[in-house]
Amino acid sequence: MHAARAPRRIRRPTGHVSPRRSRNTTHLIMTSPASITWPEADGPRTARWRSEAAVPPPKRVIVADDRTTADSAYRLACEGTALLWNGDFQNARQLLQAVTRRLERKPRKQGATPLEAFNLHRQTQSQRARTLGMILIPLDASYVIPLRRAPDVQQACIETYGPPTDEASVVSLRELLGLIGAHEWRKKGVEIPALGDRIHPYYGVFSPVRGEYVDLVARTALPSLNKAFDIGTGTGVLSALLAKRGVKKIVATDQDPRALACARENIARLGYEQQVEVVQADLFPEGRAPLVVCNPPWVPARPASPIEYAVYDPESRMLLGFLNGLAEHLSPGGEGWLILSDFAEHLGLRTREWLLAAIDEAGLTVIGREDIRPRHPKSADETDPLHAARVAEVTSLWRLKARS
């Protein structure tokens, strides 16, 4: 973590940039599959290790089953020993819930400042994820769980991992449940009132469950109906909304293959293929547009795993990349819409002065701003260690123009 500091000038990148710039996606880059080994009566066994969060395989693994107690599992997990489950699947879920309850009983450290509270919260979340990730589930080569009362997870695994690779694998139960949940969200979709329809997110693509930023785009007067760029499109929700509002041509960019596939599917389902082109690009596509929209990650801190890049923007790289490249991609008189929460300001991670200085150094001028308060459940949860920052949060759509 770092405290807010004066913005440094970052010119628009010209070469390859890490795909972790996208607001709406998660990214996992692995050179080769990792493996996990555990002891069996007839000798050690090895299988492929799967982790979308890029967590390395546990070094110590034992086989556990229905006789394993919650207290024993909790102690072993806290010590860094993973439990490869060989019993009833539903009992494994109950064991995970029991370990979760034991973690929740631990008293939380209270931070003296919002920044300290944030750092302690991140530390606690990291420790929690590490401990809960120690209950493991086997998958056979076709993504079938070889356990009693196990659900059918084949489609969920295919959507996340790709086609079966003819090798057995092991995954944390916590991640597997996340895959199952994401599969259900993908089938059901997320209702977007401003669209009058649903958006279907893929696993690892930022889901538009927080509708504030969508509502801002829905209600702000459009500078033009001719063309728009949607930077870091993710599910394609903002492109779809712009198309619904009558923009004739939208170019939506992202760098993550999942996000690109997700956006294309959503755009096709909604019938906007003639208006929206989804392309792979580092932030900006070629050319200029009278409207350029970007909703970068809101928190300038280092992600603990690749899956957190949808929320955390280390050193504000995507934010600064957008600001510094905006002027040369705006048509004369065009507007850039920066959609950004001030959550980081209330945490002490960034200041309003820093943001305004970054806008000014990029050769931009603020011509207007639309604000909205959050409506998500966490904003009303007084037990949340970050409640003070959440209750004060405002999400803004900054209307920017190139300085003449």
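How exposed is Glu184: buried, partly exposed or exposed? Keep that one in mind for the first exercise, and remember throughout that this is a predicted model.

**Exercise 1. Work out how Glu184 and Lys187 are paired, and how open each one is to the surroundings.**

Solution, step by step:

- Start with Glu184. Its relative accessibility is 39%. The partly exposed class sits between the buried limit of under 20% and the exposed limit of over 50%, so Glu184 counts as partly exposed.
- Now Lys187. Here the relative accessible area is 52%, and Lys187 is exposed.
- Next, check the pair. The N to O distance between the two side chains is 3.4 Å, and they form a salt bridge. The cut-off for that label is within 4 Å.
- Finally, ask why the two can be described as neighbours along a helix. Both belong to helix 5 (residues 173-188), and because they are three residues apart, about one helical turn separates them.

**Exercise 2. Find the salt-bridge partner of Glu393, then say where the two residues sit and how accessible they are.**

Solution, step by step:

- The partner is Arg210, with the closest N and O atoms 3.0 Å apart.
- Place both residues. Glu393 is in the loop between helix 12 (387-392) and strand 15 (395-402), while Arg210 is in the loop between strand 8 (197-199) and helix 6 (212-219), so this pair ties together parts 183 residues apart in sequence.
- Then look at burial. Glu393 is buried at 1% relative accessibility, and Arg210 is buried too, at 18%.

**Exercise 3. Describe the salt bridge between Glu345 and Arg352, then name the residues of the network that holds Arg210.**

Solution, step by step:

- In the Glu345 and Arg352 pair, the closest N and O atoms are 3.0 Å apart.
- Glu345 has a relative accessible area of 21% and is partly exposed. Arg352, at 24%, counts as partly exposed as well.
- Now for the network: Arg210, Glu212 and Glu393 are joined into one by salt bridges with shared partners.
- For the wider tally, the whole structure holds 20 salt bridges.

**Exercise 4. Asp313 is buried, so to speak, without a salt bridge; find out what surrounds its side chain.**

Solution, step by step:

- Locate Asp313 in the loop between strand 12 (289-294) and helix 9 (317-326).
- Look for an opposite charge. The nearest such side chain belongs to Arg317, and it is 5.6 Å away. A salt bridge needs a distance within 4 Å, so Asp313 has none.
- Switch from the side chain of Arg317 to its backbone. The side chain of Asp313 reaches the backbone nitrogen of Arg317 at 3.1 Å.
- Leaving out residues up to four places away in sequence, Asp313 touches Pro297, Val299, Pro300, Ala301, Met318 and Leu319.

**Exercise 5. Take two buried loop residues, Pro58 and Thr220, and list what each one touches.**

Solution, step by step:

- Pro58 lies in the loop between strand 2 (45-50) and strand 3 (60-64). With a relative accessible area of 14%, Pro58 is buried.
- Residues up to four places away aside, Pro58 is in contact with Ile36, Trp49, Ala82, Met134 and Leu136. Its C-alpha atom is 9.8 Å from that of Ser35, a residue 23 places away along the chain.
- Thr220 sits in the loop between helix 6 and strand 9 (227-231), and at 2% relative accessibility Thr220 counts as buried.
- A polar atom of the Thr220 side chain lies 2.7 Å from the backbone oxygen of Leu216.
- With the same sequence limit of four places, Thr220 touches Arg245, Trp337, Glu370, Leu397 and Arg399.

**Exercise 6. Which helix gives the most to the lining of the second largest pocket?**

Solution, step by step:

- The pocket holds about 860 Å³ of space, and 28 residues line it.
- Nearest the centre of the pocket are Leu103, Arg108, Thr124, Gln125 and Arg128.
- Helix 1 (70-79), helix 2 (89-105) and helix 3 (114-132) each supply at least two lining residues.
- Helix 3 gives the most, with 10 residues.

**Exercise 7. Sum up the chain as a whole.**

Solution, step by step:

- The protein chain has 12 helices and 15 strands.
- Of its 404 residues, 53% count as buried.
- Among contacts between residues at least 6 apart in sequence, 70% join residues at least 24 apart.

Notes: Residues numbered from 1 in each chain as written. Predicted model: local features only at pLDDT ≥ 70, side-chain atom pairs only at ≥ 80, totals over all residues. Heavy atoms only, no water. Helix = DSSP H or I, 4+ residues; strand = E, 2+ residues; numbered from the N terminus. Buried < 20%, exposed > 50% of the residue type's maximum accessible area, 1.4 Å probe, protein only. Lys, Arg positive; Asp, Glu negative; His and termini not counted. Polar contact = N/O pair within 3.5 Å; in protein donor to acceptor, adjacent residues only side chain to side chain. Contact = heavy atoms within 4.5 Å. 1 Å grid on protein atoms, 1.4 Å probe; cavity = no way out; pocket = protein on both sides within 12 Å on 5 of 7 lines; lining within 4 Å. Points joined across faces, edges and corners; volume = space filled by probe spheres on them.
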